[in-house]
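Got the model open in your viewer? Here is a short tour, with something to select at each stop.

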Amino acid sequence: MHDKVRVVIGDRLGKGQKVAKGVEEAGGIAIVIPGVGADMKVGDVMNKENADFGIAFCGSGGAGALTAQTKYGYPAEYGLRSIDAGITALREGKRVLGFGFMDIEELGRRLTEEYIKLIKRENKDV
Amino acid sequence: MDEVKKILKEVIEEISKKEKITEKEREELFELLRLVKLNEKDGKFSFSFDRLVLIGYHLLAFIKRLETNEKLPPVEPGLWNEISPEVKKLSIEVLQKYVQRFKKELDKTEIFLLAVHFEVSKIKCVGGKNNA
């Protein structure tokens, strides 16, 4: 068990640092996967790190999320093009979010804030 | 060849469950996927059905980017070092003819993105398995 929200980030172009900064601003722990094909390793790293959710970036916004879904059964949404679409996916229970390239702090911050809200709501309901 | 055609059509069907594809895009995607699949012949690459679906999603996005002139961010310095020249060449071969038909230039980032799919397929192939 871990107290802080853990978010795995994999970007095909080796970016993701700004998203990571946003995650940390919101109080989460960001795990940025280095190297080639990082987006396709999101599921592996989520599984290894027991992460809360993952964000994959590639040209179609699909490869990382679909790989994680196929390999580990994580509920995934892909082809996302906006922060709001990502938030909606989280609310729908998706745990791997596949975006086109958008390495921006606001994305990491708002997704993490939303996830924390969802967890608090779940805990209240229990 | 008929078997390849059947597989690729199934791949495109799978993609079309989630993505809107016009008839023209369907034909273009088939041709691009066929060029990718051809590279299995020398035994250095293995493209499972799931991997072809992922590549198909990627190539469909590539086709749409070309239609809309969408530009991608540049590749981070150093990442090219992890792509073998052979794989880079294959990626260019698959994409170049298609881009030339539209009298456009092939973006380096596009070469890199497809090359990663080839690289992953090659690496998985070494262990004898390709689980996408």
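Select B:Lys44: with a relative accessible area of 44%, this lysine counts as partly exposed (buried is under 20% relative accessible area, exposed over 50%, partly exposed in between, with a 1.4 Å probe and protein chains only). Now add B:Glu86, which makes a salt bridge with B:Lys44, the closest N and O atoms lying 3.2 Å apart; the term covers a side-chain nitrogen of Lys or Arg within 4 Å of a carboxyl oxygen of Asp or Glu. This pair ties together distant parts of the chain, 42 residues apart: B:Lys44 sits in the loop between α2 and α3 of chain B, and B:Glu86 in helix α4 (residues 85-101) of chain B. Helices (H or I, at least four residues) and strands (E, at least two) are DSSP runs, numbered from the N terminus. B:Glu86 is partly exposed as well, at 31% relative accessibility.

Keep those two selected and add B:Glu119 and B:Lys122: B:Lys44, B:Glu86, B:Glu119 and B:Lys122 are linked in a network of salt bridges. Side chains of opposite charge can pair when their charged atoms come close.

Before moving on, some ground rules. This is a predicted model, in which local features need pLDDT of at least 70 and side-chain atom pairs count only at pLDDT 80 or more, while totals for chains, interfaces and linings use all residues. Residues are numbered from 1 along each chain as its sequence is written, chains are lettered from A and ligands numbered from 1 in the order in which they are written, and side-chain values use heavy atoms, with hydrogens and water left out.

**Along the helices of chain B**

Stay on helix α4 of chain B and pick B:Glu93 and B:Lys89. They form a salt bridge with the closest N and O atoms 3.2 Å apart. The two are four residues apart in that helix, so about one helical turn separates them. B:Lys89 is exposed, with a relative accessible area of 52%, whereas B:Glu93 is partly exposed at 42%.

Next, go to helix α2 (residues 23-37) of chain B, whose mean pLDDT of 96 is the highest among the elements of the chain. Show the side chains of B:Glu31 and B:Arg34, which meet in a salt bridge of 2.8 Å, N to O. Here the spacing is three residues, so again about one helical turn lies between B:Glu31 and B:Arg34. B:Glu31 is partly exposed at 30% relative accessibility, and B:Arg34 is partly exposed at 22%. Over all chains, the salt-bridge count comes to 23.

**Two asparagines and a threonine**

Which backbone angle is positive at B:Asn69? It is phi, at about 60°, although B:Asn69 is not a glycine. You'll find B:Asn69 in the loop between α3 and α4 of chain B. Over in chain A, A:Asn50 has a positive phi too, about 50°, and lies in the loop between α2 (42-49) and β3 (53-57) of chain A. Most residues other than glycine have a negative phi.

Back in chain B, select B:Thr22 in the loop between α1 (2-16) and α2. Draw a distance from there to B:Asp50: the C-alpha atoms are 22 Å apart, with the two positions 28 residues apart along the chain.

**Where the chains meet**

Now show both chains. In contact (heavy atoms within 4.5 Å) are 26 residues of chain B and 18 residues of chain A. B:Leu54, B:Glu76 and B:Leu113 lose the most area to chain A among the residues of chain B, together 23% of what that side buries. The buried area is about 1800 Å², with carbon and sulfur atoms giving 67%; this is the accessible area (1.4 Å probe) that two parts lose on being put together, summed over both.

How many salt bridges does the rule find across this interface? Zero. For the complex, the predictor gives an ipTM of 0.81 and a pTM of 0.86.

**Last stop: color by confidence**

Color chain B by pLDDT, the predictor's confidence in each residue, from 0 to 100. The mean for chain B is 88, and 92% of its residues reach 70 or more. Finish at residues 124-132 of chain B, where pLDDT stays under 50. Where pLDDT is low, the predicted coordinates should not be read in detail.
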